[in-house]
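Trainee: Hi, could you walk me through this model before I set anything up?

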Amino acid sequence: MNLSNNLEYVLNLIHADRTFFDEYITSEDQTNYFKVSQVKKRSGMRTIYEPKGDKLQSIYKAIYEELKLYRPEIHDAAHGFLKDRSNVTNARLHLGARFVLNLDIKDFFDSIRTCDVEKAFLRLGFNEEVADVLSKFCTVNGVLPQGVNGSPDISNHCFYDYDVLLSEHSSKYGIVYTRYADDMSFSGRLRINETPFKASEVISIIEDDSNFVVAKEKTKIQKRGANQYVTGLTIFDSEMPRVSKKYKRRLRLELYIIGKIGIDQFIINLHKLPDQPNDNDSLESQIWRKELDELATDKIAQIEGRINYLNGVEPIVAARMRPLLDVIYEARKVSQKSK
């Protein structure tokens, strides 16, 4: 995107017209342009925005494609939503630490306002008119929406100044700082009581003169010798981050049990389903089999997803589990053919 050009050039680049932009920007309730849903997270609910219609979706996709050009401008401390960076690269930088401080920002996306997005665009070199209009178009009722193409990259650009401040502050104490979306980690080679580094100072940097609020109840200091996690991965091993033993044990156990008794019986036991009706051809029996089949399909997909996640962290361990899943798939195919 040639930022020296005017708004009309930029709108043409992303295949949008000014009338549509103005209609959206001046709308009294911009949620009308989206399918809004609530997704459960560990603490509370997350609001997801799905653009309605191909026109809006294509514009956001075009903005997302243009924003890819500015990914080098995202701070090195950021590891979320970026190609070649992940929760694994994030955790890897904290291996062997004596302590880890984990902080979490409440409602990260909802805390990023239109003015923050405009400021980020200006920092990237957008002219004032372009930054003003695009920031209003990329937000919903004044805040950055989750679920929209471009929002993750924008969130990283909006947090750039804080990444700079937190990195500079941490480096003064020999502390490593990384961030994965709203999840920030700080680690040191000294014991926590041997360094003047304080969580309160970090929180002040984040909260002072900003809309961000640290979730105090999620603030954790993990010392060497106890469980140490960064973005869900253990960092006790000095060679590589690992998936927790609990995660792997549960996955192995489910694969073993399903291999022994079959996916159907596993689902019947897991969900405490009633016995199948005696009349196989009855409507009641058909409904029972349909529910069983849907639950079994979902469970197998869940297990495959968990193996795929494990493969991204510990591919050797995942490779040992994959054949067990293949056996389950084959047994299910045989079972379905016989029904």
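Mentor: Sure, here is a short tour of the fold, one sheet, a helix pair and a few residues.

Mentor: This is a predicted model, where local features need pLDDT of at least 70 and side-chain atom pairs count only at pLDDT 80 or more, while totals for chains, interfaces and linings use all residues. Residues are numbered from 1 along each chain as its sequence is written, and side-chain values use heavy atoms, with hydrogens and water left out.

Trainee: Thanks! How many helices and strands does the protein have?

Mentor: There are 13 helices and 8 strands. Both are DSSP runs numbered from the N terminus, with helices being H or I of at least four residues and strands E of at least two.

Trainee: And what box do the C-alpha atoms fill?

Mentor: Roughly 70 × 60 × 30 Å, taken along the principal axes. Of the 339 residues, 42% are buried; buried means under 20% relative accessible area, exposed over 50%, and partly exposed in between, using a 1.4 Å probe and protein chains only. Also, among contacts between residues at least 6 apart in sequence, 69% join residues at least 24 apart, where contact means heavy atoms within 4.5 Å.

Trainee: On to the sheet. In what order do the 4 strands come?

Mentor: The order is β4-β5-β3-β6, in an open sheet with antiparallel pairing. Two strands pair if DSSP finds at least two bridges between them. At the edges are β4 (176–180) and β6 (220–223), each with a single partner strand, so one side of each has no neighbour in the sheet. Neighbouring strands are turned by 20° against each other on average, direction ignored.

Trainee: Which helix packs on it?

Mentor: Helix α8 (residues 160–171) does, touching β4 and β5, and its direction makes about 155° with that of β4. Axes here are lines fitted to C-alpha atoms, for helices over the stretch in contact, and angles run from 0 to 180 degrees between N-to-C directions.

Trainee: How many bridges join β4 and β5?

Mentor: There are 5 bridges, in the antiparallel sense, between β4 and strand β5 (residues 183–188). T178 stands opposite S185 in β5, and Y180 has D183 as its bridge partner. The hairpin of β4 and β5 has 2 residues between the strands, and A181 takes a positive phi near 60° there.

Trainee: While we're in β5, is S187 buried or exposed?

Mentor: S187 is buried, at 4% relative accessible area. Its side chain makes a polar contact with the side chain of H94 at 2.7 Å. A polar contact is a pair of N or O atoms within 3.5 Å; within protein, one must be able to donate a hydrogen and the other to accept it, and residues adjacent in sequence count only if both atoms are side-chain atoms. Leaving aside neighbours within four places in sequence, the contacts of S187 include L93, A97, F99 and V176.

Trainee: Now a lysine: what does the side chain of K248 reach?

Mentor: The side chain of K248 reaches the backbone oxygen of V243 at 3.3 Å. K248 lies in helix α10 (residues 245–261) and is buried, with a relative accessible area of 10%. Beyond its neighbours within four places in sequence, K248 is in contact with V243, L310, E314, V317 and M321.

Trainee: Switching to helices, how do α5 and α6 cross?

Mentor: The axes of helix α5 (residues 114–124) and α6 come within 8 Å and cross at roughly 140°. The two are therefore oblique to each other; angles under 35 degrees count as roughly parallel, over 145 as roughly antiparallel, 65 to 115 as roughly perpendicular and the rest as oblique. Among the residues making the contact are V117, F121 and L122 of α5 and A131, L134 and K136 of α6.

Trainee: Last one: which loop residue has a phi of about 70°?

Mentor: F81, whose phi is positive although F81 is not a glycine. Most residues other than glycine have a negative phi. F81 lies in the loop between α3 (54–67) and α4 (87–92) and is partly exposed at 33% relative accessibility. N141 also has a positive phi, of about 50°, and sits in the loop between α6 (128–137) and α7 (151–158). With a relative accessible area of 43%, N141 is partly exposed.
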